[in-house]
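Let's take a short walk through a protein model together. Have the sequence and the 3D view ready, and follow along at your own pace.

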Amino acid sequence: MWRSYANPMTSDTRRVWLTTLGCAKNQVDSDKLSAVLADAGYEVADSPDDADVVMVNTCAFIEAAREESVDTIIELENAKRDDAKLVVLGCMAQRFGVEVEEAFPTADAVLGLDRYGELVGTLDRLTNWEPIRLLHSPMDILYEVRRPTLTTPYAYVKVAEGCDKPCTFCAIPLIRGKQRSRPPVNIRQEVEELAADGAREIVLVAQDLAAYGRDIDAPGGIEDLLRFVSDIDGVRWFRLLYLYPREIRPALIAEMTSNPRIAPYFDLSLQHASRHLLRAMKRPGDGDRFLELIGDIRSGNPQAATRSSFIVGFPGETEADVEELAEFLEAAGLDWAGFFPYSAEEGTPAVDLPGRLPNDVVGERLRYLQSLQEEITAERNAAMVGRTLEVLVDGVEDGRPYGRSYREAPEIDGVIEFDHGKQGDLVDVRIDASYGSELAGTVVE
Ligand code: SF4
């Protein structure tokens, strides 16, 4: 996504272009950097070749994300004017800063996450065409509350950064460090600003969201935070993304199934159902335990929506493990699920595990599990026909409004189409038909 900034108060014409890759957490960082740059007087660039500085906020989560980041840097290098500057930000800059500098000697600055405090000063110097020497600054974008004007009726809010868990496949702790939670007051301030700007849905994100508050003086954890923010005017519902299964305590289920301002939507980060693979991942639980957890959630609210993500082809995964996962999916009846091929990440313990699988085997298993889940999702959606759901209108395409209920997270799940409404409206929609992952309905007064 291209973004740029304007400051009508200055005649200086420093123009910036930013491409953001990766997850919602990276998008939040870009939004905050955008606001900081706008305050510093940087203007909107209409295209990369219109910018004095082109920037890319990279992702380095897995190999495919790194490849996309490299491709994007090359695209921007080619698209920018010869005299424009190139700045690389984000996870790849953080984890592979030296390699990025070596691979892209034309990059004028490479700033990892802990150097965002240097961004404005760096751009100031670059746009004055002076050589730069970067200095460390204590500014931390995590606590920043400024954001650019919203273009959607939903917004992501990052409540913590980093992760303390030991999952053997995951590079996040290497990139983002130990968990650092934001103070509740700081989060509330950002939500209030977003609500005043028209946000009707706030999506709370963190690497290990349910562990929020453990590193600061917040003994009530995520449950207290939910109670603390859920009275903010204008926000219809809060949604929680990424819940580590062992952190889903009865108190959290109770809060999420009884607080009318919290979407009863459980994004369970399960990764597999096979016990021996989960142990090799250094993760808790197994298929039976996860079914119990889903049962507890549905006891709290039978209509609660569930999503999860799974790694396919982890070292040592057998055909029997895949069948175990397939049986789990059938029994769990998750509304949504994503499947990702195992990616061997340098520096993580799983890289040294025996039993790596060929790509074609992993691809076949992925297709099998994905098609099985597509059928389950279609069945879950078909069961919605006849129900009336409160829907937030995300937008209108080809004259047809579309939006989401509590069941659908933005950008990852399906959408609902209906007959009338405008962006930001909340409407009651009677579901008339389902088409795989999509629903269609009629607004009822
Ligand atoms: S809990 Fe999530 S972010 Fe943390 S190490 Fe495990 S997979 Fe990575």
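Before we start, keep in mind that this is a predicted model. A good place to begin is where Y156 stands opposite V203 in β10. Around that pair, five bridges join β7 to β10 (residues 201-205), and the two strands run parallel.

Now widen the view. These strands belong to an open sheet of three strands, ordered β7-β10-β11 and paired in parallel. At its edges you will find β7 (154-158) and β11 (237-241), each of which pairs on one side only. Look along the sheet and you can see a twist: on average, neighbouring strands are turned by 25° against each other, ignoring direction. Helix α1 (residues 24-39) packs on this sheet and touches β7 and β10, with its direction making about 95° with that of β7.

Next, find helix α7 (residues 184-196), which has 13 residues. From its first C-alpha to its last it reaches 18 Å, close to the 18 Å expected at 1.5 Å a residue. Which residues of α7 are buried? They are I187, E190, V191 and L194. These four lie on the same side of α7, because they cover an arc of only 100° around the axis. A general rule helps here: an α-helix has 3.6 residues a turn, so residues three or four places apart point the same way.

What do the buried residues of α7 pack against? Their partners are β7, β10 and α8 (221-229). On the face turned away from the buried side, α7 carries the exposed residues V185 and A196. After α7 comes G198, whose phi is positive, near 110°.

Methods: Residues are numbered from 1 along each chain as its sequence is written. This is a predicted model: local features need pLDDT of at least 70, side-chain atom pairs count only at pLDDT 80 or more; totals for chains, interfaces and linings use all residues. Two strands pair if DSSP finds at least two bridges between them. Axes are lines fitted to C-alpha atoms, for helices over the stretch in contact, and angles run from 0 to 180 degrees between N-to-C directions. Two residues are in contact if their C-beta atoms, placed from the backbone, lie within 7 Å. The expected span of a helix is 1.5 Å times one less than its number of residues. A residue is buried if 20 or more other C-beta atoms lie within 10 Å of its own, exposed if 12 or fewer, and partly exposed in between; C-beta atoms are placed from the backbone. The arc is that of the directions from the helix axis to the C-beta atoms.
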